[in-house]
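Hi,

Here's the structure I promised to pass along. Have a look at it first, and my notes follow underneath.

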Amino acid sequence: MSQLTILQFPDPRLRTVARPIDRVDEKIRSLADDMLETMYEARGIGLAATQVDRHVRMLVLDVSEERDDPHVLINPEIVDRQGSQVCEEGCLSVPGEYAEVERAEAIRVRALDRDGEPFELDADGLLAVCIQHEIDHLDGKVFIDYLKPMKRRMIEKRMKKQARQARRDPAVQTL
Ligand code: NI
């Protein structure tokens, strides 16, 4: 397994719409494992392939306290949504920024697992938020797209400044 580099907003590659995976082979399984390792190392609860510059429809997540419940969702599709909830979200591609986003409270997702087997999952609460957030990445969206223009511009400005600093001093990126 190896760790992958996570794209940082406003990297334009985060706007790529990922393509469906037509065959779950060894290459895809190995990408899933690398994504899980990258997610755990970065202390995230979810990661979409888009964020590691692989533009295929796959996401990984683990919302458990013990960090021992990894899930791989391939070609995920929300087939039902109920209610709404507001949750404070962050993102490994937008480090240090958090904001409230309104999403469905409960969803049903259809996907393939790491072995290519189809399954359906009923999710609510944080798990539902996480899945909706990661599917957005596969569609080229980030959570700050939902914010009011002023708040969004503020975050964009801070992130651009950070990116400039990181280019000047590569060590900053590892902080
Ligand atoms: Ni994210």
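Let's begin with helix α2, which holds both His 133 and His 137, four residues apart, or about one turn of the helix. Bear in mind that this is a predicted model.

Are those two histidines buried or exposed? His 133 has a relative accessible area of 7%, so it counts as buried, the cut-off being under 20%. His 137 is buried too, at 0% relative accessibility.

What do they bind? Both are protein donors of the nickel ion, each through NE2, and Cys 91 joins them through SG. The donors lie 2.1 to 2.3 Å from the nickel ion. Along the chain, their spacing reads C-x41-H-x3-H.

Cys 91 also turns up in the largest pocket, where it is among the residues nearest the centre, along with Gln 8, Leu 92, Val 94 and Pro 95. That pocket has a volume of about 1200 Å³ and a lining of 43 residues. By class, the lining splits into 21 nonpolar, 13 polar and nine charged residues. Helix α2 (125–138) supplies at least two of the lining residues, and so does each of α1 (26–41), β4 (85–89) and α3 (149–168).

Then there's the second largest pocket, at about 300 Å³. Its lining has six charged residues, five nonpolar and one polar. Among the residues that line it are Arg 19, Asp 22, Arg 23, Lys 27 and Arg 54, as well as Pro 20, Ile 21 and His 55.

Have a browse and tell me what you think.

Cheers

Terms used. Residues numbered from 1 in each chain as written. Predicted model: local features only at pLDDT ≥ 70, side-chain atom pairs only at ≥ 80, totals over all residues. Heavy atoms only, no water. 1 Å grid on protein atoms, 1.4 Å probe; cavity = no way out; pocket = protein on both sides within 12 Å on 5 of 7 lines; lining within 4 Å. Points joined across faces, edges and corners; volume = space filled by probe spheres on them. Nonpolar A, V, L, I, M, F, W, Y, C, P; charged D, E, K, R; others polar. Donors = N, O, S within 2.8 Å, 3.2 Å for Na, K, Ca; no water. Buried < 20%, exposed > 50% of the residue type's maximum accessible area, 1.4 Å probe, protein only.
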